[in-house]
Every structure is written in C-alpha cells, then in structure tokens.
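Trainee: Could you take me closely through one part of this model? I would like to hear about a single stretch and how it sits in the rest of the chain.

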Amino acid sequence: MSRIEKQMKKSIERAVGAHKSEGKSHTLPLNPKAPKYVAPHRHCAICQTPIHQDSEPPVCADKECIKKREKQEKSRKHLNIMLYLFPAIAIMLFMLQFIR
Ligand SMILES: [Zn+2]
C-alpha cells in the first residue's frame, strides 16, 4: 500500500469516526453475525453494482462500464490539465505586460 493510500484510509476512518459521534449512525454493523451485516465491498463507479473491495479501477466486469470509466478518466485528466494551464497562461500574459 502506498503512502497516499494509507493517508486516504486514515482520513476516511477519521471522517467515519466524526460521523459516528454525530449521533444517528448510518454505518452498518461490523459484526458478521449481525442481521444487517454487509461484507466490505465497493460499488461500480458507473452502475453501482457491488464489486470486490480491492477492485481497481472501481468498475464491474461490464464492458460498457469499463468504457464509460475510461471516458470519465480521460475527461478528468483533461480538466486537471486545464485547471493548471489556464491560470499559467493568465499569469504569463500578465507578466508580458511588464516586459515590454
Ligand atoms: Zn458497472
């Protein structure tokens, strides 16, 4: 497990802990014998089908879901690049005014 993953797990655990102390708990019982017990799992990012907890990327075996997820990842990456590129261009244009 990488450092970032460990940090994420920690902050998730903290967030869940903070949630518990709020009173009404939405978390399911951790005891496997409890009637409402649900085994640890995650959900497909596209169709929400329960999948194995360690599934990475978080999609089911459906081809449609894998395709959609790839599309989402691509647009997310593009958005990330734009997020840095546009302010950089703006700063550059701003600086150019002083150079002349
Ligand atoms: Zn799916």
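Mentor: Happily; what follows is a walk through the loop that comes before the second helix, with a look at what lies on either side. Please keep in mind that this is a predicted model.

Let's start with the setting. The protein has two helices and two strands, and along the sequence they come in the order α-β-β-α. Of its 100 residues, 4% count as buried. Contacts that reach far along the chain are also a small share: among those between residues at least 6 apart in sequence, 2% join residues at least 24 apart.

Now to the loop itself, which links β2 (50-51) to α2 (63-99) and holds glutamine 53. Is glutamine 53 buried or exposed? Glutamine 53 is exposed, because 10 other C-beta atoms lie within 10 Å, and a residue with 12 or fewer falls in that class. Even so, glutamine 53 has partners from elsewhere in the chain: leaving aside residues up to four places away in sequence, it touches Pro40, His41 and Arg42. Take histidine 41 as one of these. Histidine 41 and glutamine 53 are 12 residues apart along the chain, yet 4.2 Å separates their C-alpha atoms.

Further along, proline 57 belongs to this loop between β2 and α2 as well. The backbone has a feature to look for here: the peptide bond leading from glutamate 56 into proline 57 is cis, its omega near 0°. For comparison, most peptide bonds are trans, and most residues other than glycine have a negative phi.

That second point helps with a residue before β2. Glutamine 48 sits in the loop between β1 (42-43) and β2. Although not a glycine, glutamine 48 has a positive phi of about 70°. Glutamine 48 is exposed too, since 11 other C-beta atoms are within 10 Å.

On the other side, our loop leads into α2. At 1.5 Å a residue, the 37 residues of this helix should span 54 Å, and its end C-alpha atoms are indeed 54 Å apart, so the two agree. How many of the 37 residues of α2 are buried? The number is one, so the helix lies largely in the open.

Glutamate 70 is a residue of α2, and with 12 C-beta neighbours inside 10 Å it counts as exposed. Glutamate 70 also gives us a way back to the loop: its C-alpha atom is 9.5 Å from that of proline 57, with the two residues 13 apart along the chain.

Key
Residues numbered from 1 in each chain as written. Predicted model: local features only at pLDDT ≥ 70, side-chain atom pairs only at ≥ 80, totals over all residues. Helix = DSSP H or I, 4+ residues; strand = E, 2+ residues; numbered from the N terminus. Buried ≥ 20, exposed ≤ 12 C-beta atoms within 10 Å, placed from the backbone. Contact = placed C-beta atoms within 7 Å. Expected span 1.5 Å × (residues − 1).
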